[in-house]
Amino acid sequence: VPYTVTFFKQNVLDDDYTEVETLNESGMTGTYPDYLKNYKYDGFTNLYHKPDFIAADGSTEFELYFSRNYYLINFDLNGGYGVNPIYARYGTNISVSTPTRPGYIFVGWHDINGIWQTNNSIYQANGDTTLYAAWKKQASVVLEIFINGKTALYDYSDVIPVAPDEGTEENADIHVSLGLPG
């Protein structure tokens, strides 16, 4: 007896379902097709189907619904901070903020196999995974300033305006030297 099977997958951004495939088949009256019990799509779970068996009149239209799996994306920040784990549906593009680590520059994310993400801020949830932050040590230059015999040391990354103390003469003796630390 002929029957039709229509497959529906859950959408990425809402709880609705979209038709993705239709098959025209034939089978025995009063049975449920065995191959449909194990029908799979990567990243989806077979949620439910209707009806339960093939009708004798050839009018059966099976509908199978597949919900998206949820996956946990963990982040090993390797000494940094500022990014929390994300729980997302299969196929969802997630935006990952840039972590922070004092004295370092963020280089990007890679997985356990060393495969680098091509876009450091967008990742697609395709399974439970951990992404690892990669860092490059910042070069350090120390600024040593002498103003009228007083010394001040500043790391290059400090954003501190350097100005003579109030009352310093206009033609004060000011010396600036740059050097690498210790």
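This briefing walks through the fold, the surface and some local backbone features of one protein. The model is predicted. The protein has one helix and 13 strands. Of its 182 residues, 30% count as buried.

**Overall layout**

- Reading from the N terminus, the elements run β-β-α-β-β-β-β-β-β-β-β-β-β-β.
- The helix therefore comes after two strands and is followed by a run of strands, since the order begins β-β-α and then continues with β.
- Take the contacts in the protein with a separation of 6 or more: 52% of them join residues 24 or more positions apart.
- The accessible surface comes to about 11800 Å². Carbon and sulfur atoms account for 51% of that surface.

**A four-stranded sheet**

- Four strands form an open sheet in the order S6-S5-S10-S8. The pairing in this sheet is mixed.
- Strand S6 (86-89) and strand S8 (104-110) are the edge strands. Each of these two pairs on one side only.
- From one strand to the next, the twist averages 30°.
- S5 and S6 pair in the antiparallel sense. Four bridges link them.
- Which residue in S6 is the bridge partner of Tyr70? The partner is Arg89.

**A nonpolar patch on the surface**

- Tyr70, Leu72 and Tyr87 make a nonpolar surface patch. The patch covers about 320 Å².
- Leu72 lies in strand S5, which spans residues 70-76.
- Is Leu72 buried or partly exposed? Leu72 is partly exposed, with a relative accessible area of 32%.
- Patch residues need over 30% relative accessible area. Leu72 passes that cut-off because its value is 32%.
- Tyr70 thus appears in two places in this briefing: in the patch, and in a bridge with Arg89 of S6.

**Backbone features in two loops**

- Most residues other than glycine have a negative phi, and most peptide bonds are trans. Keep that in mind for the next points.
- The peptide bond from Lys50 to Pro51 is cis. Its omega is near -10°.
- Where is Pro51 found? Pro51 is in the loop between strand S3 (44-50) and strand S4 (61-68).
- Asn78 has a positive phi, near 45°, although it is a residue other than glycine.
- Asn78 is found in the loop between S5 and S6.
- Asn78 is partly exposed, because its relative accessible area is 33%, and partly exposed means between 20% and 50%.

Definitions and conventions:
Residues numbered from 1 in each chain as written. Predicted model: local features only at pLDDT ≥ 70, side-chain atom pairs only at ≥ 80, totals over all residues. Heavy atoms only, no water. Buried < 20%, exposed > 50% of the residue type's maximum accessible area, 1.4 Å probe, protein only. Contact = heavy atoms within 4.5 Å. Areas by Shrake-Rupley, 256 points an atom, 1.4 Å probe, with all protein chains shown as cover. Patch = residues over 30% accessible without salt bridge, like charges linked within 9 Å, V, L, I, M, F, W, Y side chains within 5 Å. Salt bridge = Lys/Arg side-chain N within 4 Å of Asp/Glu carboxyl O. Pairing = 2+ DSSP bridges. Axes fitted to C-alpha atoms, helices over the stretch in contact; angles between N-to-C directions.
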